[in-house]
Amino acid sequence: MSPVEESDPTTALYSPQIGSSRYPKGREPWISSIEQYKTMYDQSLNDPDTFWSERASELVEFSKPFDKVTEGSMVEGNIKWFINGEINVSYNCVDRWAEKTPDNVAISFEADEPGNKKSITFKEMQEEVCRLAGVLQSFGLKKGDVVAIYMPMVPEAAYAMLACTRLGLVHTVVFAGFSSNSLAERVRDSNCRVIITANQGLRGGKVIQTKSIVDEAVKQCPEVQKVLVFERTNAEYPIVEGRDVSWKKATAEQNAYIAPVPVGSEDPMFILYTSGSTGKPKGLVHTTAGYLVGAAMTTRYTFDLRVGDVFCCSADVGWITGHTYGVYGPLCNGVTTVIFESLPTYPDASRFWKTVDEHKITQFYTAPTAIRALRRLGDEFVQGCDLSSLRVIASVGEPINPEAWVWYSNIVGRDSCPVVDTYWQTENGSHIITPLPYATTTKPGSATFPMFGIEPVILDPNSGEELHGEATGVLGVKRGWPSIARSILGDHDRYLSTYMTVYKNVYFTGDGASRDKDGYYWIRGRVDDVINVSGHRMSTAEIESALILDLDVAESAVVGINDDITGQSICAFVTLHAGVVESPAVIKSMVATVRKEIGPIATPKCIIIVDELPKTRSGKIIRRVLRKVASNEADQLGDVSTMADPTILEVLVKKTNAALGY
C-alpha cells in the first residue's frame, strides 16, 4: 500500500491495491470498490429491512425464520431485531462447518512457549464443545442461566463460550487479569452459579495462579455451586470437594454429540462488563441473532475474510474484541482463528511476526499499544520473518497515531497490505466506523467511513446541535443496528441515561471525534471519566475507589495522561491521612491495593502525593485542573475562580513536573 501523496507520509492517502501480489488471483474481494461500498451503504440506510434481511440470510442460519427484521426504538431502549426468529450460535459457528468442512482447521493455537502450536479441526471442535456442554447440563443448568468464564487464552476458552451458547446459557467472560475482587463483583452482579476456569495460566513465561484467584473470589460468592477446572498445566491445585470438577475427567464421561438448543433472536447471549464513569462496572447485555449477524458481517467485510483464510486477533477473550473477532466472527464464517496465548515480546519482539510466519496468517488484528511498542524495539524483529501470507493488517482498541500507522503499513505490511483501523466499543458489538480493505482509500490515523447501517453524527458538546461538514465535537449514532447492546444488566435506567438521553435522539459513544473536509472520521478519545490503557477501559471512579481502600489514603483523584506506548496511562493524585509520611513503602502499598482490587492492568504509572487536591468551594475535586497539570499544560488552566484555594497550584505543578519529568 504505497501512498498516493508522498510529501508527508502521515497525511498521505493510501489507495487500495486489489491487483497486488498479496491478493489471490482469480478471486474478487467481497467489496472491491468505493462505489460498491456506497451502494450498499445507501441501501442499509434507505432500505434497512431488505439490507439486513439479505445479510442475515447470507451469513447465518435460523432454525426458525424471523417474520420481521426490526421493531422498536434504539433511543427508547426497546429495539429488537429479527423478530420471532430462532437460532443457535454454536450450530452456526461449529456444526454447520463440521458438516461442510470437517477437516478444515477451526482453531490454530499458538501456546505461550514457542514451538507448542496445535490445530483443532471443526469436527474435533464440535466434539469438544458437545462434551463440555454435557458437563454443564450435568450441573443442572438450563437456558437463560449465567455461567462465568475466567480462563487464559487457550482453545478451551472458546469451547466454554460455544458450549454455553449451545445450551442457550448466557456467558459472562471475565478477563483473567482481573483480581479476585473484580471477578467476585461480576459473578455476584450476574448471579452466576457456575465458574469455568483453569488450574493455571501461562503468559510470557510466567505462571498465573488462576484457580487460586477464583477460590478467593468464590469466598465472596456463596451462590456459586460448581467450579469447572481445565488442567492447563500438570500442576496440582486445591480441590473443594463437591464444588470443584476436573474438566478432563468430566468431559471424558460425556457424549460426543449434544443437539444445539434453539433460542429466540432477542434472548440474551452474553453479558460483558465494561467500566463506566461511576465505580460500578456495567454489565452490558448482548442478544443472540443481532449480535451474531453483526459479528459475522463485519468480520467478513472489514477483513475481506472467507473460508481458507487464517485470521489472528490478538485480543483476549475477556474483552469484546476477543468475543467478536477472536471467536464468533471468524468461526461463523468458517475461517481458521488463531488463539494467541503469549505476549508480543516473549521471548523477544519477533513473536507476533514468527506467529504470522508459522501459522501462515492472512489477516492480523492487534492493538496500537503493541504496534507502538514493537516499532520502538526496531525493524529487525519484523524483517527476519516471512510475512508474505499477510493480506490485511488491522488495528483496534484506541486511536492509532499516524507514525505508528505508517510503520505498520511499511514495515509489517511491506507496502502491499491495506491497514484497517477499526472503531467500535463493547456496547456496539461490532465495528461501526472502519475502512474496507480493497474499497477505501485510507488516511493514517483515521477510522474513515461508517459501517453499513451506521449513521454517525458529530454534535456540539454543549448545545447538542448537529454539526455538518468539517467539524469537531462528540460522536453519536442516529439509528440502531443489530449488534448494539440492549441493556445494562439489572439497570435499564442507567443504560438509557448513559447512552440514549445524554443528547437527544442519538446513541452517545462517549468519544470525541472530528470529520474532515473529505468526510473521513477521526476518533479523538474519551470525553467522560474513562481511561483507555492499551485498549482496556477503566473508570477513574473505579480506580479511585480502590485507592481509598488503602489505610494511608485520605483522598484520591485519578486522571488519564497521554502515553507513547499505551495510549493513556493512569496518574493518581493522593492525599494521606494525618501522621502518615510519604515514602516508597507507602506508594508501594497503594499500588498493591489497586492491583488486588482491580488487577495489574489498573496499576497507576505515577502516584503523586499532595497536601491538598484542587477543589471548588463546595468541596468538589476539579479533575480538569489535574488533567491539565498532569499533561504539562498548567499554562492552559483557564478560569480557576471557582477553586477554593488557588494558592495550592504552584506546589501542585512543581510536584507533578518533578514526578513526571517535565
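Helices and strands are DSSP runs, numbered from the N terminus. With that naming in hand, a convenient place to enter this predicted model is Y520, which lies in the loop between β26 (507-515) and β27 (521-526). At 7% relative accessibility, Y520 falls under the 20% cut-off and therefore counts as buried. K443 lies over the face of this tyrosine, at 4.4 Å from the ring centre. Along the chain, Y520 and E470 are 50 residues apart, while their C-alpha atoms are separated by 9.2 Å.

Y520 also leads into the aromatic residues. The count of aromatic pairs comes to 33. One of them is formed by Y37 and Y41, a stacked pair with 5.7 Å centre to centre and 20 degrees between the planes. Both tyrosines belong to helix α1 (residues 34-46), where they are four residues apart, about one turn of the helix. An α-helix has 3.6 residues a turn, so residues three or four places apart point the same way. Y37 and Y41 are both buried.

A second pair, W52 with W81, is arranged in another way. The ring centres of W52 and W81 are 6.0 Å apart and the planes stand at 75 degrees; an angle over 60 degrees counts as edge-to-face, so the pair is placed in that class. W52 is part of helix α2 (residues 48-59) and W81 is part of strand β3 (residues 80-83), so this contact ties together parts that are 29 residues apart in sequence. W52 and W81 are both buried.

These residues come together in one aromatic cluster, whose members are Y37, Y41, F51, W52, F62, F66, W81, F82, Y301, F449, F452 and Y520. The cluster thus takes in the stacked tyrosines, the edge-to-face tryptophans and the loop residue Y520. For F51, a further contact can be described: the charged end of R55 sits over its ring, 4.6 Å from the centre.

Attention then turns to the helices. Helix α5 (residues 155-167) has 13 residues and reaches 19 Å from its first C-alpha to its last, close to the 18 Å expected at 1.5 Å a residue. This helix is mostly covered, with 13 of its 13 residues buried. G168 follows α5 and has a positive phi, near 75 degrees.

Two packed helices are described by the angle between their axes and the distance between the axes. Helix α3 (residues 89-100) packs against helix α4 (residues 122-138) at an angle of about 130 degrees, and their axes are 8 Å apart. An angle of about 130 degrees lies between the 115 and 145 degree limits, and α3 and α4 are therefore oblique to each other. Their crossing is left-handed. Further along the chain, helix α18 (residues 623-630) and helix α19 (residues 649-660) pack at an angle of about 45 degrees, with 9 Å between their axes. With this angle, α18 and α19 are therefore oblique to each other as well. Here α18 passes α19 in a right-handed crossing.

Several loop residues have backbone features worth a look in the viewer. N84, in the loop between β3 and β4 (86-87), has a positive phi of about 70 degrees although it is not a glycine. This asparagine is partly exposed, with a relative accessible area of 45%. T448 is likewise a residue other than glycine with a positive phi, near 70 degrees, and is found in the loop between β21 (419-421) and β22 (456-459). At 0% relative accessibility, T448 counts as buried.

A cis peptide bond joins Y346 and P347, with omega at about 0 degrees. P347 lies in the loop between β18 (336-340) and α11 (351-359). Another loop residue, G599, is placed between α17 (584-597) and β32 (606-609). G599 counts as buried, at 0% relative accessibility. From G599 to P402 the separation is 197 residues in sequence and 31 Å in space, C-alpha to C-alpha.

Definitions and conventions. Residues numbered from 1 in each chain as written. Predicted model: local features only at pLDDT ≥ 70, side-chain atom pairs only at ≥ 80, totals over all residues. Heavy atoms only, no water. Helix = DSSP H or I, 4+ residues; strand = E, 2+ residues; numbered from the N terminus. Expected span 1.5 Å × (residues − 1). Buried < 20%, exposed > 50% of the residue type's maximum accessible area, 1.4 Å probe, protein only. Phe/Tyr/Trp six-rings, centres within 6.5 Å; stacked < 30°, edge-to-face > 60°. Lys NZ or Arg CZ within 6 Å of the ring centre and 35° of its normal. Axes fitted to C-alpha atoms, helices over the stretch in contact; angles between N-to-C directions. Parallel < 35°, antiparallel > 145°, perpendicular 65-115°, else oblique. Left-handed = near helix turned anticlockwise from the far one by under 90°.
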